[in-house]
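Please open the structure in your viewer and keep the selection tool at hand. The tour proceeds stop by stop, and each stop names what to select.

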Amino acid sequence: MTIQELLRKHKIDPKDQKFLRSVFDFAEEAHKGQKRASGEPYVQHCLHTADSLATWGMLDRSTLGAALLHDVPENSDYTLDDIRKKFGDDITFLVLGITKLGRIKLRTQKDPTYIETLRRMVLAMAEDIRVILIKLADRLHNMNTLSALPRGKQERIALETLEVYAPLAARLGMGEVRGSLEDLAFPVVYPKEYNKLVAQVRPRIENAQHYIPRAIKEITKVLRLNEVYYSKITGRIKHMYSLYQKLQRPEYDHDLDKVFDIKALRIITDTVENCYSILGVIHKYFRPIPGRIKDYIAVPKPNGYQSLHTNIFGPEGKYIEIQIRTKKMDEQAEFGIASHWAYTETGKRKTGEHHRKLKKLEWAHQLSEWQKDNQDNPDEFFENLKIDFFKDRICVFTPKGDVKELPDGASTIDFAFAVHTDLGYHCCGAKINGKMSKLFTPLKNGDIVEIIEDKNPKVSRDWIDHTASTSARGKIKSYLNKNKEGFISRITPGFIKGKQK
Ligand code: MN
């Protein structure tokens, strides 16, 4: 792919084309001579990342520019300051966010609380949702080119994808991205289970591949005959990982015969009325399977998904799922939160110009609106995403990349105690992001902190005023209690008096 192809494919605003070309030239220069493990020039990765974002409807110059530059600070001789000088603050802010996210590494242990912390942290770190979207596009291309990497690295990246990034995509309503990430990771993380499932399902898939085009032809015929408008009919085979998870559920009991949506047709039309008309026409010609009609238009799924689903005995008497929705619902199902930005209130696609106005508050607002719409089906995602989550908690790293979640206002002391109680007692200073810092320095989201220890415990009463976490405070107090003298004489003279009587 070339930059020209990218700009043309997505009909980028001519005003932005010149800018993005100069961003690309810079990225190409920065990654000059570098190759991906697959042997491709490194900039191909940058172009593919930007291409995914544009496909999802993120067409603003900052998002696309940051996608092109996202690996520059970590993978070249150029720095964030170079980017700022050349391309300004907005892009730099996004690139910084992605660089910080890149430091998070999932260890191979499958500890659910660790993974949940990681997920929360990914969200907290990405104070602008565009950072998460760029990261998802980056990860999608990395997963597509995963086979070029050594086995161990493949496993770590695939597990992280399955445990962190795919669920994030799901919770942002990005169904297709989630499906692709999962299907790319599945064979690497669970090879045995994957091979078993593929062997089991292969005959059905081969069947479906022949059947789907014939079914599309038949359905097209009846829709035309009844003169009901549709814009597109496509076929899809269920994502493997999603099938795997479905079969694990007790009501399916590993029985493929109980899964009715292995093959499905998707019919796209213009209005809600036409969705129902199409459903009517289809039921007129093909008998529906009782109890298998779902109206997610009237009652959307918690992540906002809208569509009509029906399982029918389709052409040739074989059962197949039919999904009917408007173009807007379809883009929402595929691209989720990204697609919210692709539309104005009037339903027209936005141009790049509008995207520039998107700021942190706007997406936070959008998420909270989204949450309100789905109150009867609360999702922990929304719990974690409450706007004050960003205010209340910060995530700080050890030099090895472990994550500590701390209350806002936490200092190096809080961090030392969060790593280890003993480290707390002996802490006498810290390096924050590589710079020597004072003991009580307040920490910021994303800081990397290395605690400096002294042989002797350093705890003193005034530490309490410089801690924000209950647990650190508790540990300091209990330490001072055990070593009562200094504690009592300095802070509770009244108590000493009382005791002396
Ligand atoms: Mn990358």
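The following stops lead from the whole chain to a metal site, then to sheets, helices and single residues.

**The whole chain**

Begin with the complete model, which is predicted. Colour the chain by secondary structure: it has 25 helices and 10 strands. The chain is made of 501 residues, and 50% of them count as buried. If a surface is displayed, it represents about 24,300 Å² of exposed area, of which carbon and sulfur atoms supply 51%. Among the contacts with a separation of 6 or more, 66% are between residues 24 or more positions apart.

**The manganese ion**

Select the manganese ion next. Which protein atoms are its donors? They belong to His45 (NE2), His70 (NE2), Asp71 (OD) and Asp138 (OD), at 2.2 to 2.3 Å from the ion. Along the chain, these donors follow the spacing H-x24-H-D-x66-D. Now show His70 and Asp71 together; both residues are buried.

**Two cysteines**

Select Cys46 and then Cys275. Are they buried or exposed? Cys46 has a relative accessible area of 1% and is therefore buried, as this is under the 20% limit. Cys275 is also buried, with a relative accessibility of 0%. In general, a disulfide is a covalent bond between the sulfur atoms of two cysteines. A search of the whole structure for such bonds finds zero disulfides.

**Strand E2 and its partners**

Select residues 263-269, which form strand E2. How many of its seven residues are buried? Seven of the seven are, and the strand is mostly covered. Display the side chains to see two directions: Lys263, Leu265, Ile267 and Thr269 point one way, while Ala264, Arg266 and Ile268 point the other way. The residues of both groups are buried.

Add strand E1, residues 232-237, to the selection. E1 and E2 run antiparallel and are joined by six bridges. Within this pair, Arg236 stands opposite Ala264.

Then add strand E5, residues 319-326. E5 is joined to E2 by six bridges as well, but these two strands run parallel. Here Thr269 of E2 stands opposite Thr326 of E5.

**An open sheet of three strands**

Turn to strands E8, E9 and E10. In what order do the three strands lie in their open sheet? The order is E9-E8-E10, and the pairing is antiparallel. Strand E9 (435-437) and strand E10 (449-453) stand at the edges; each has a single partner strand, so one side of each is left without a neighbour in the sheet. From one strand to the next, the twist averages 30 degrees.

Select residues 427-432 to show E8, which is joined to E9 by three bridges. In this pairing, Ile432 stands opposite Lys435. Add helix H21, residues 412-419, which packs on the sheet and touches E8 and E10. The direction of H21 makes about 85 degrees with that of E10.

**Helix H13 and its cover**

Select residues 240-248, which form helix H13. Which of its residues are buried? They are Met240, Tyr241, Leu243, Tyr244, Lys246 and Leu247. To see what covers them, display further helices, including H10 (151-171), H11 (175-189) and H12 (191-225).

**Arg139**

Select Arg139, which lies in helix H9, residues 129-144. Why does Arg139 count as buried? Its relative accessible area is 6%, and buried means under 20%, so Arg139 belongs to the buried residues. Leaving aside residues up to four places away in sequence, Arg139 touches Ile157, Glu160, Thr161, Tyr165 and Leu181.

**Two residues with positive phi**

The last stop concerns backbone angles. Most residues other than glycine have a negative phi. Select Lys11, a residue other than glycine with a positive phi near 45 degrees. Lys11 lies in the loop between helix H1 (3-9) and helix H2 (14-30). Its relative accessibility is 72%, and exposed means over 50%, so Lys11 counts as exposed.

Finally, select Glu316. This residue is not a glycine, yet its phi is positive, at about 65 degrees. Glu316 is placed in the loop between strand E4 (308-313) and E5.

Key
Residues numbered from 1 in each chain as written. Predicted model: local features only at pLDDT ≥ 70, side-chain atom pairs only at ≥ 80, totals over all residues. Heavy atoms only, no water. Donors = N, O, S within 2.8 Å, 3.2 Å for Na, K, Ca; no water. Buried < 20%, exposed > 50% of the residue type's maximum accessible area, 1.4 Å probe, protein only. Disulfide = S-S within 2.5 Å. Helix = DSSP H or I, 4+ residues; strand = E, 2+ residues; numbered from the N terminus. Pairing = 2+ DSSP bridges. Contact = heavy atoms within 4.5 Å. Areas by Shrake-Rupley, 256 points an atom, 1.4 Å probe, with all protein chains shown as cover. Axes fitted to C-alpha atoms, helices over the stretch in contact; angles between N-to-C directions.
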